[in-house]
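Visitor: I'd like to go through this one with you. Could you put it up so that we can talk it over?

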Amino acid sequence: LMSAATELPANAPAACPGPSSADAGKASPCATCPNRTACADGSLKAALSADAAAVAANLANVRHVVLVLSGKGGVGKSTVSAQMALHLARRGFDVGLLDVDICGPSVPRMLGVESGSVLMTASGWEPVAAAVHETSGDGGSDNADADMGDGVGSLVVMSSGFLLPEKDEAVVWRGPRKNGLIKQFLKDVAWGELDFLIIDTPPGTSDEHISLAQLLPHGRSADGAVVVSTPQEVALADVRKELSFCNKVSVPVLGVVENMSRLVAPVATAQQSPTSTGIAMLVDSRDGRDVTQQVLAALPADLARHLAVSVGVLPPGYDGDGAAGMAKKYGLNFLGSVPLDPSVADAAERGCLARAVGGSAGARALGAVVDQILKAQGEPAHARV
C-alpha cells in the first residue's frame with residue numbers, strides 16, 4: 001500500500017490525513033480541502049490506486065528506475081541525467097530518459113532531438129530515439145526502434161518539449177495539469193523493455209515530485225534517487241530539503257553527486273585561439289598579458305600538448321565540505337565530483353551531447369559516477385561485449 005506521505009493529493013492541506021485514513025474527508029484539516037467529498041466517499045483513494053496500478057503495468061518491463069533530484073535549480077540535473085543516459089546506452093544498456101521539467105524542458109536540445117515528434121500508436125505514445133554516438137544532422141530520429149549499432153544499447157526520450165507548438169512558448173499550468181501529464185508519461189508512453197529509466201526532475205519538492213512519489217511506489221518503485229548539488233552552501237541548503245523529501249516519501253538515495261566542483265579547461269596550443277569556446281589561456285596577473293605560448297614553449301612538448309587548468313569554484317579558506325561533507329553527515333554514498341567542463345557545456349548547447357561523452361574531464365568523472373550506480377544496482381560495467 002502507498003504510505004500516507006506519498007498518497008496525498010498535490011493540493012492537500014499540510015495536515016491532510018490521507019485518502020486511505022479512516023478520517024479522510026472528516027478531519028478538521030479537510031474542512032476547506034477541495035478533495036473533501038472525494039476522500040470521504042473513497043473515490044480519490046480508488047483513483048490513486050488505479051493510476052498507480054496502471055503505471056506499474058506499463059513499467060513492468062523496466063528493470064531500474066532512477067530519479068535525478070535536487071532542491072536547487074541550476075546545478076546541472078539535466079546535464080547529469082542526459083550524460084548518465086548516454087553512458088549507460090554506450091555500455092550496452094537500453095535506456096529511457098523522461099524529462100518531467102514541464103515548464104523548462106532541456107533534454108531535447110542537449111540530445112539534438114528538438115525536432116522529434118511523438119507519435120500515437122496502438123501501444124501508446126512512442127518516445128523519440130536519440131543517437132548514442134555522435135551523428136550528423138539533428139542527432140536523433142522519430143523512430144524509437146532506430147538501429148543504435150552492434151554492441152551498443154539504445155536511448156529513447158520523452159519530454160514536454162516535444163509537445164509544445166512553439167519551443168519558446170511558456171507552459172502556464174497549475175499543479176493538476178502538470179500532474180496529469182506526468183501520469184500520462186508514466187502510464188501511456190510505450191517504454192517497452194528497458195534496463196534503466198532515468199527521470200530528470202525540476203528543482204524543488206513540489207507537484208512533479210509528489211506525482212512521482214504517488215505513482216511510482218505502488219508495485220513499481222524507484223530504485224532510488226541520484227541527488228545533484230554544487231559545492232556552495234547556497235545550493236546545499238536546498239539540497240538538504242530534497243534529502244528530507246526523499247526520507248518523507250520513502251525514496252532511497254543512491255548517492256550524491258557534486259557537479260561543477262571545479263572548472264577544467266585545456267590550455268590553448270599554438271593552433272588554437274585562446275578566445276575559442278572552452279579554451280583557456282595563461283595570463284600574467286600583474287597586467288593581464290597573455291603568456292600562454294611563452295609558458296608552453298618552456299615545457300616538454302608532450303606536457304604542453306595536454307596541459308589544462310583546474311580552478312576551484314570556492315574561495316581560499318572556505319570552511320564548507322561541499323557535497324561530500326553533506327553526504328558523509330547524512331550517511332549517504334558520495335558518488336563523485338564532476339567538474340565544469342566547457343567541452344560538455346558546448347556540446348549540450350549545440351545539441352550534440354553525445355560528442356562530449358568520451359575522453360574529456362567531465363565525461364570521465366561522470367563515467368565514474370555511472371560505475372558506482374551500476375555497482376549499487378548489481379549490474380555489470382558493460383551490458384554487452
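Visitor: Which elements of the protein chain have the lowest and the highest mean pLDDT?

Guide: This is a predicted model, and among the elements of its protein chain the lowest mean pLDDT, 40, belongs to strand S6 (residues 140-141), while the highest, 97, belongs to strand S2 (residues 95-99).

Visitor: Over which residues is the pLDDT below 50?

Guide: One such stretch is residues 1-6, which has 10 contacts in the model beyond near neighbours in sequence. Another is residues 135-150, where the pLDDT is also below 50 and the model shows 35 contacts beyond near neighbours in sequence.

Visitor: And what is the mean pLDDT of the protein chain?

Guide: The mean for the protein chain is 83, with 84% of its residues reaching 70 or more.

Visitor: Okay, the overall make-up next. How many helices and strands does the protein chain have?

Guide: There are 12 helices and 14 strands in the protein chain, and of its 385 residues 49% count as buried. If one takes the contacts with a separation of 6 or more, residues 24 or more positions apart account for 76% of them. The protein chain exposes about 17,600 Å², of which carbon and sulfur atoms supply 52%.

Visitor: Changing topic: how many salt bridges does the structure hold?

Guide: The structure holds 15 salt bridges. One of them joins Asp51 and Lys183, whose closest N and O atoms are 3.0 Å apart.

Visitor: Where do Asp51 and Lys183 lie?

Guide: Asp51 is in helix H2 (residues 43-58) and Lys183 is in helix H5 (residues 175-187), so this salt bridge ties together parts that are 132 residues apart in sequence.

Visitor: Is Asp51 buried or exposed?

Guide: Asp51 counts as buried, because its relative accessibility is 18% and the cut-off for buried is under 20%. Its partner Lys183 is partly exposed, with a relative accessible area of 26%.

Visitor: What about Asp371, which side chain does it meet in a salt bridge?

Guide: Asp371 meets the side chain of Arg91, at 2.5 Å from N to O. Asp371 belongs to helix H12 (residues 361-376), whereas Arg91 sits in the loop between helix H3 (77-90) and S2, so the two tie together parts that are 280 residues apart in sequence. Here Asp371 is partly exposed at 38% relative accessible area, while Arg91 is buried at 11%.

Visitor: And Arg109, what does it form a salt bridge with?

Guide: Arg109 forms a salt bridge with Glu349, the closest N and O atoms being 3.9 Å apart. Since Arg109 lies in helix H4 (residues 107-110) and Glu349 in helix H11 (residues 342-350), that pair ties together parts 240 residues apart in sequence. Arg109 itself counts as partly exposed, at 36% relative accessibility.

Visitor: Which residues are linked in a network of salt bridges?

Guide: Asp284, Arg286, Asp287 and Arg289 are linked in such a network.

Visitor: Last topic, then: how many aromatic pairs does the structure hold?

Guide: The structure holds two aromatic pairs. Phe93 and Phe196 form an edge-to-face pair, 5.5 Å centre to centre with 85 degrees between the planes, and this pair links distant parts of the chain, with Phe93 in the loop between H3 and S2 and Phe196 in strand S8 (residues 194-200), 103 residues apart. Phe93 counts as buried at 2% relative accessibility, and Phe196 counts as buried at 0%.

Visitor: How about Trp125 and Phe185, where do they lie?

Guide: Trp125 and Phe185 form an edge-to-face pair, 6.2 Å centre to centre with 75 degrees between the planes. Trp125 lies in strand S4 (residues 124-126) and Phe185 in helix H5, 60 residues apart. Trp125 is buried at 13% relative accessible area, and Phe185 counts as buried at 0% relative accessibility.

Note on methods. Residues numbered from 1 in each chain as written. Predicted model: local features only at pLDDT ≥ 70, side-chain atom pairs only at ≥ 80, totals over all residues. Heavy atoms only, no water. pLDDT = per-residue confidence, 0-100. Helix = DSSP H or I, 4+ residues; strand = E, 2+ residues; numbered from the N terminus. Contact = heavy atoms within 4.5 Å. Salt bridge = Lys/Arg side-chain N within 4 Å of Asp/Glu carboxyl O. Buried < 20%, exposed > 50% of the residue type's maximum accessible area, 1.4 Å probe, protein only. Areas by Shrake-Rupley, 256 points an atom, 1.4 Å probe, with all protein chains shown as cover. Phe/Tyr/Trp six-rings, centres within 6.5 Å; stacked < 30°, edge-to-face > 60°.
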